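The following exchange examines why particular structural terms are applied. Each answer sets a value against the criterion behind the term.

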Amino acid sequence: MLEVDGETFALRANGFGGTDYTWLSGPDPGYGFGVSPTADLSPDEHARNIRGFLDMVDPGTGHIADDRRPGRGSPRS
């Protein structure tokens, strides 16, 4: 488990050499994302992955906004 900017995530290795991040404090059970490869990442590097995800989240809904999806505009700063 890792807390980043007041949000709690469970980290679990996946079968692809990466990590699944489940957003435990998020709006929906089981909501999250995955990153691959993630071999030997430090806690700070995992936190950076989580912050990148949170930067795409619409604060009103807790879901990734269409205009913030990769390739569809800029994430908020």
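Q: Why is T19 called buried?
A: In this predicted model, T19 has a relative accessible area of 7%. Buried means under 20%, so T19 meets the criterion.

Q: Where does T19 lie, and which residue stands opposite T19 in β4?
A: T19 lies in strand β3. The residue opposite T19 in β4 is V35.

Q: What makes the approach of T19 and T38 a polar contact?
A: The contact joins the side chain of T19 to the side chain of T38 at 2.7 Å. The definition asks for N or O atoms within 3.5 Å, one able to donate a hydrogen and the other to accept it, so the pair is listed as a polar contact.

Q: Which residues is T19 in contact with, leaving aside its neighbours within four places in sequence?
A: T19 is in contact with L11, R12, N14, F33, G34, V35, T38 and H46. Contact here means heavy atoms within 4.5 Å.

Q: Is T22, also found in strand β3, buried or exposed?
A: T22 has a relative accessible area of 15%. Since the limit for buried is under 20%, T22 is buried. Leaving aside neighbours within four places in sequence, T22 is in contact with T8, F9, A10, R12, G30, Y31 and G32.

Q: Why is β3 described as largely enclosed by the rest of the structure?
A: Four of the five residues of β3 are buried, so the description follows.

Q: How do you know that β3 pairs with β2 and with β4?
A: Two strands pair if at least two bridges are found between them. β2 and β3 have five bridges, and β3 (residues 19-23) and β4 have four, so both cases satisfy the definition. Each pairing is antiparallel. Among the bridge partners, A10 is matched with T22 in β3, and Y21 with F33 in β4.

Q: What makes β1 and β4 edge strands of the sheet?
A: The open sheet has four strands in the order β1-β2-β3-β4, with antiparallel pairing. β1 (2-4) and β4 (32-35) each have a single partner strand, so one side of each is left without a neighbour in the sheet. On average, neighbouring strands of this sheet are turned by 30° against each other, direction ignored.

Q: What does helix α1 touch when it packs on the sheet?
A: Helix α1 (residues 43-55) touches β1, β2 (7-13), β3 and β4. The direction of α1 makes about 50° with that of β1.

Q: What makes up the largest nonpolar core?
A: The core has 11 residues in all: L2, V4, F9, Y21, W23, F33, A47, I50, F53, L54 and V57. To belong to such a set, residues must be buried and joined through side-chain atoms within 4.5 Å. At least two residues of this core come from each of β1, β3 and α1, and α1 gives the most, with four. One of the core residues, L2, touches E7, T8, F9, L11, P43, H46, A47 and I50, not counting residues up to four places away in sequence.

Q: Why is D5 called exposed, and what is its phi?
A: D5 has a relative accessible area of 55%, and exposed means over 50%, so D5 is exposed. Phi of D5 is near 50°, a positive value in a residue other than glycine. Most residues other than glycine have a negative phi. The place of D5 is in the loop between β1 and β2.

Q: Why is D40 called exposed?
A: The relative accessible area of D40 is 78%; the term requires over 50%, so D40 is exposed. D40 is not a glycine, yet has a positive phi of about 60°. D40 is in the loop between β4 and α1.

Q: How do you know that the peptide bond joining S36 and P37 is cis?
A: Omega is about -10° for this bond, which is assigned as cis. Most peptide bonds are trans. P37 is placed in the loop between β4 and α1.

Q: How many residues apart in sequence are T8 and S25, and what is their distance in space?
A: T8, in strand β2, and S25 are 17 residues apart in sequence and 5.4 Å apart in space, C-alpha to C-alpha. Not counting residues up to four places away in sequence, T8 touches M1, L2, E3, T22, W23, L24 and S25.

Technical notes:
Residues numbered from 1 in each chain as written. Predicted model: local features only at pLDDT ≥ 70, side-chain atom pairs only at ≥ 80, totals over all residues. Heavy atoms only, no water. Axes fitted to C-alpha atoms, helices over the stretch in contact; angles between N-to-C directions. Buried < 20%, exposed > 50% of the residue type's maximum accessible area, 1.4 Å probe, protein only.
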